[in-house]
Structures are given as structure tokens and as C-alpha cells.
Amino acid sequence: MSNFVFGLTATRLPIMAYRFGSEGPPVLVLGGVHGDEIEGIVAAHGLLEKFTASFPWRLRLTLVPIFNLDGALARERRNARGVDLNRNLPTKDWTADVAEPRYSPGDAPNSEPENLALTAHIESERPSFILSLHSWKPTLNINGDCRAIAESIARRTGYAITGSIGYPTPGCLGTYAGLERGLPTLTYEIERGLAHEPILDVHVPAILEGLKTCEARGR
Ligand SMILES: [Zn+2]
């Protein structure tokens with residue numbers, strides 16, 4: 001395992017990333033894109049513990065446990081500049097129009113330092129699979145070709161697999177990577193409010209099953 005600074009937050013805190021595995025397709029796992037969705041941050045740390053103990057997969061995995069660190073420290077969805085990082089990515093459907101302040105997309109696409117780091121990473125690594133850990137209603141939202149991975153996770157969790165979250169999400173990661181760049185992206189919505197224990201005992205093993213499927217498809 002090696003670690004590196006993935007980028008800096010709007011308040012110039014380092015966003016830490018951990019790298020596991022030295023061969024095989026690149027994979028990116030993000031926790032805490034929304035700082036108040038701590039269930040995803042808990043799951044990411046459960047993965048960090050498992051991967052540190054053993055990483056048997058032929059994958060080159062980058063794990064960013066708390067992507068929106070400023071938001072997480074404030075228990076706030078958005079970053080320190082009040083921008084929803086999952087509405088700010090430079091997609092064809094990015095819009096400055098916003099129905100509610102909590103979805104604020106920023107002044108321009110990719111205006112936020114966190115997303116500049118994320119898009120630079122995605123453009124240089126071209127991950128064959130991206131997993132973003134959120135919390136909301138239990139859902140596995142797939143954009144691009146990752147249904148088999150989602151099915152592995154669904155077998156453990158019983159979560160529904162959907163191609164759309166049910167409302168418009170302009171400037172989101174699923175559109176940026178999954179739909180517009182052909183880099184399959186799974187937005188994993190863990191049940192909001194779930195305690196640490198079931199996250200570590202059910203969802204972390206489910207994600208490990210998903211990675212096994214990801215490795216088996218070998219690209
Ligand atoms: Zn979220």
C-alpha cells in the first residue's frame with residue numbers, strides 16, 4: 001500500500017488517497033463526496049482496514065475515504081464553498097440553475113478544487129470501474145457497464161439496481177464518468193442512518209464481492 005495526497009480541499013486540507021495492488025485494471029473508490037453522508041465514509045474506512053490487511057485482487061485500486069473532507073468536518077453535504085461536488089462536474093448537462101441550495105452546482109463546471117483533482121485523476125487513470133459511496137434510500141445506481149458488479153453486491157444486500165436515481169442530477173459523477181466517458185460508475189446509496197456495525201458486517205463484504213466480480217471481468 002502507498003498513500004498520496006489526491007488533492008486539496010477549498011480550505012487547503014489534504015485529501016488522502018491510498019493505493020493497493022500493482023497490476024490489473026485501475027479502480028477508483030470514493031467515500032464522502034457528500035460530507036453529511038457518513039455511512040459511505042464508514043464503509044470506505046471498513047474497506048481501508050480490509051485492504052490494508054490483505055489485497056488479493058488483480059486490480060490497481062485507489063481509495064479516497066473522505067473526498068469532501070471540509071464537508072465531512074462540518075457534517076455538511078456541500079464543500080466549504082457551498083457547492084455540491086456531485087452537481088459540479090463538467091458534464092454536457094451541467095447547469096447553473098438550481099432548485100434547492102443544497103444542490104448548488106457552483107459558478108462554473110469543475111470550479112471546485114476537489115473536483116479538479118478528481119477529474120485529473122479520472123482523465124489520467126481512466127478507471128475501469130468507479131465506486132462512489134453515498135447514503136440515502138438503499139439503491140445501487142449504475143451508469144455504464146457495471147451491472148454484474150452491482151448484482152454481486154445486491155446478492156449480499158438485497159438492494160435494488162437502478163439506471164436512474166429518479167430525479168435529475170446534472171453535473172454528477174455517474175454522468176461524467178459512466179455515461180460520457182464509458183467508465184462504469186456505481187453510486188452506492190447505503191441506507192441513511194445505518195449503524196457502523198451493519199455497514200462493516202454487510203456492506204463492506206458486499207463490496208469485496210463486487211470487487212471479485214470486477215477482477216474476474218479483467219478490464
Ligand atoms: Zn450523496
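Where in the structure is the place of R75? R75 belongs to the loop between α2 (69–73) and α3 (113–125), with helices (H or I, at least four residues) and strands (E, at least two) taken as DSSP runs and numbered from the N terminus.

## Ground rules

Please keep in mind that this is a predicted model, in which local features need pLDDT of at least 70, side-chain atom pairs count only at pLDDT 80 or more, and totals for chains, interfaces and linings use all residues. Residue numbers start from 1 along each chain as its sequence is written.

## Loop residues

Back to R75: its phi is positive, about 50°, although R75 is not a glycine. R75 is exposed, because 10 other C-beta atoms lie within 10 Å; by definition, a residue is exposed if 12 or fewer other C-beta atoms lie within 10 Å of its own, buried if 20 or more do, and partly exposed in between, with C-beta atoms placed from the backbone.

R81 is also in the loop between α2 and α3. R81 has 18 other C-beta atoms within 10 Å, so R81 is partly exposed. R81 touches A10 and E112, not counting residues up to four places away in sequence; contact requires C-beta atoms, placed from the backbone, within 7 Å. R81 and A10 are 71 residues apart along the chain, yet their C-alpha atoms are separated by 6.8 Å.

## The sheet

Eight strands make up an open sheet with mixed pairing, in the order β1-β2-β4-β3-β5-β8-β6-β7. Two strands pair if DSSP finds at least two bridges between them. The edges are β1 (2–8) and β7 (160–162), each pairing on one side only. On average, neighbouring strands of this sheet are turned by 20° against each other, direction ignored.

Start at the β1 edge. β1 and β2 run antiparallel and are joined by six bridges, with V5 opposite M16 in β2. These two strands form a hairpin with five residues between them, and R12 in the turn has a positive phi of about 70° although R12 is not a glycine. R12 counts as exposed because it has 9 C-beta neighbours inside 10 Å. Further along, β2 pairs with β4 (residues 60–64) in the antiparallel sense over three bridges, and Y18 has L63 as its bridge partner in β4.

At the other edge, β6 (residues 139–143) and β7 pair in the parallel sense over three bridges, with L140 opposite I161 in β7. Helix α4 (residues 147–157) packs on the sheet and touches β5 (129–136), β6, β7 and β8 (185–191). The direction of α4 makes about 170° with that of β6.

## Helix packing

Two packed helices are described by the angle between their axes and the distance between the axes. Here, axes are lines fitted to C-alpha atoms, for helices over the stretch in contact, and angles run from 0 to 180 degrees between N-to-C directions.

For α4 and α6 (residues 196–217), the axes come within 8 Å and cross at roughly 150°. The two helices are therefore roughly antiparallel; angles over 145 degrees earn that label, those under 35 count as roughly parallel, 65 to 115 as roughly perpendicular and the rest as oblique. The crossing of α4 and α6 is right-handed, meaning that the near helix is turned clockwise from the far one, whereas a left-handed crossing has the near helix turned anticlockwise by less than a right angle. Residues making this contact include I149, S152 and I153 of α4 and A206, I207 and G210 of α6.

P205 lies in helix α6. P205 counts as partly exposed because it has 15 C-beta neighbours inside 10 Å.

The axes of α1 and α6 come within 9 Å and cross at roughly 60°, so these helices are oblique to each other. Their crossing is right-handed. Among the residues that meet there are A43 and L47 in α1 and L200 and I207 in α6.

## The nonpolar core

Which residues of the largest nonpolar core touch the most other members? They are V29, A43, L47, L63, L131, L186 and I207, out of 55 residues in that core. Such a core is a set of buried Ala, Val, Leu, Ile, Met, Phe, Trp, Tyr and Cys residues joined through C-beta atoms within 7 Å. Helix α1 (residues 38–53) gives the most to this core, with seven residues.

L186 offers a good look inside. Leaving aside neighbours within four places in sequence, L186 is in contact with L131, L140, I142, C146, I149 and A150.

Key
Contact = placed C-beta atoms within 7 Å.
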